[in-house]
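I opened my notebook to look up a few places in this structure. My notes follow in the order I made them.

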Amino acid sequence: MAFSPDGRTLASGDDDGTVRTWDVADPAHPQPLARIPTGLAVESVAFSPDDRTLASAGSIIDLWNIAADPIYPPPLAKPFGPSTGEAFSVAFSPDGHILATGDNDATIDFWDIADLDHPQPLGQPLTGGTGTVYSIAFGPNGQTLASGNDDATIRLWDIADPAHPQPLDQPLTGGTQAVYSVAFSPNGQTLASGSIDGAIRLWKPTVNYATDWICSAAGDLTSQQWQAYIEELPYQPLCAN
């Protein structure tokens with residue numbers, strides 16, 4: 001399931017191949033909106049940041065134009081999907097230009113959706129871990145991706161260049177079974193995970209991730225700022241780019 005960015009719509013994907021949406025502006029009295037048959041089991045749904053597009057993923061990925069008609073949303077692109085395997089999780093980047101899918105063959109695919117009618121593969125699939133990638137989430141800065149995997153690990157990826165993503169530090173471990181869900185806090189400083197072992201865990205970002213987030217948000221310290229706040233250490237730039 002997924003809430004729309006404005007919190008007024010809820011979407012679900014079902015094993016019967018149907019995507020359903022509800023108007024939940026009044027949560028005590030939700031009203032059905034759309035019933036979209038896809039023909040194949042739907043493992044994951046996600047709204048675009050601008051609230052205009054709904055993605056559904058499974059054996060195929062569909063994009064639906066909910067801005068044009070929230071009751072009978074027309075499809076945007078032809079169905080597409082991983083070259084192998086099935087998509088178990090789907091997420092939009094914060095700027096809405098990239099769609100990511102976590103697949104049951106232990107890979108993560110990126111799609112350039114700047115042109116929603118013609119999605120294009122972006123770079124090579126990410127590999128790491130074993131089994132299904134059950135959940136993926138973009139960090140709020142759009143430069144980091146978290147994945148929850150079948151091997152009980154969480155991986156963080158630097159996707160500043162989405163065509164050439166790189167792993168951030170070592171996988172996060174602590175559980176004993178598959179990680180079904182991952183989510184960043186709005187400020188990106190906490191990552192939550194839910195596992196089949198029944199535990200919800202909260203993680204502090206790694207040093208590298210924290211540095212990347214600070215640099216992308218605020219830029220490097222000037223020599224004057226360094227002298228004002230960290231005068232006990234010699235000045236050195238922290239942000240590589």
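**Entry 1: around E18**

I began with strand E18 and its partner E19 (residues 200-203), which run antiparallel and are joined by 4 bridges. I looked up one pair and found Ala192 opposite Leu202 in E19. E18 and E19 make a hairpin, with 4 residues between them. In that turn I noted Gly198, whose phi is positive, about 90°.

I should record that the model is predicted. Every value in these notes is computed from that model.

Next I turned to strand E17 (residues 179-184). E17 also runs antiparallel to E18, and 5 bridges join the two. Here I picked out Ser181, which has Gly194 of E18 as its bridge partner. E17 and E18 form a hairpin too, with 6 residues between the strands. Gly188 in this hairpin takes a positive phi near 75°.

Is E18 enclosed or open? I checked burial along the strand, residues 191-195. Of its 5 residues, 4 are buried, so E18 is largely enclosed by the rest of the structure.

**Entry 2: an open sheet**

I moved to the start of the chain. Which strands make up the open sheet, and in what order? I read the order as E1-E2-E3-E4, 4 strands with antiparallel pairing. I then asked which strands stand at the edges. They are E1 (2-3) and E4 (31-37). Each has a single partner strand, so one side of each is left without a neighbour in the sheet.

I looked closer at E1. E1 pairs with strand E2 (residues 9-13) in the antiparallel sense, over 2 bridges. Phe3 sits opposite Leu10 in E2. As a reminder to myself, strands of a sheet pair through backbone hydrogen bonds.

**Entry 3: the largest pocket**

Phe3 came up again when I looked at the largest pocket. I noted a volume of about 560 Å³ for this pocket. Its lining has 24 residues, and the closest to the centre are Ala2, Phe3, Val45, Ala46 and Phe47. Which strands each supply at least two residues of the lining? I listed E1, E5 (42-47), E8 (87-92) and E13 (133-138). By class, I wrote down 17 nonpolar, 6 polar and 1 charged residues for the lining.

**Entry 4: Ser56**

I then picked a single residue, Ser56, in strand E6 (residues 53-58). Is Ser56 buried or exposed? Its relative accessibility is 2%, and buried means under 20%, so Ser56 counts as buried.

What does the side chain of Ser56 touch? I found a polar contact with the side chain of Trp64, at 3.2 Å. I also looked for contacts beyond four places in sequence. Ser56 has them with Val19, Thr38, Val42, Ser44, Val45, Ile61, Asp62 and Trp64.

**Entry 5: a cavity beside Ser56**

My last search was for enclosed space. How many cavities of 30 Å³ or more does the structure hold? I counted 3. The second largest has about 40 Å³ of space.

Ser56 is one of the residues that line this second largest cavity. I also noted Thr38, Leu40, Ala41, Val42, Ala57, Gly58, Ser59, Ile60 and Asp62 in the lining. E6 gives the largest share of this lining, 3 residues. By class, I recorded 5 nonpolar, 4 polar and 1 charged.

Note on methods. Residues numbered from 1 in each chain as written. Predicted model: local features only at pLDDT ≥ 70, side-chain atom pairs only at ≥ 80, totals over all residues. Heavy atoms only, no water. Buried < 20%, exposed > 50% of the residue type's maximum accessible area, 1.4 Å probe, protein only. Polar contact = N/O pair within 3.5 Å; in protein donor to acceptor, adjacent residues only side chain to side chain. Contact = heavy atoms within 4.5 Å. 1 Å grid on protein atoms, 1.4 Å probe; cavity = no way out; pocket = protein on both sides within 12 Å on 5 of 7 lines; lining within 4 Å. Points joined across faces, edges and corners; volume = space filled by probe spheres on them. Nonpolar A, V, L, I, M, F, W, Y, C, P; charged D, E, K, R; others polar. Pairing = 2+ DSSP bridges.
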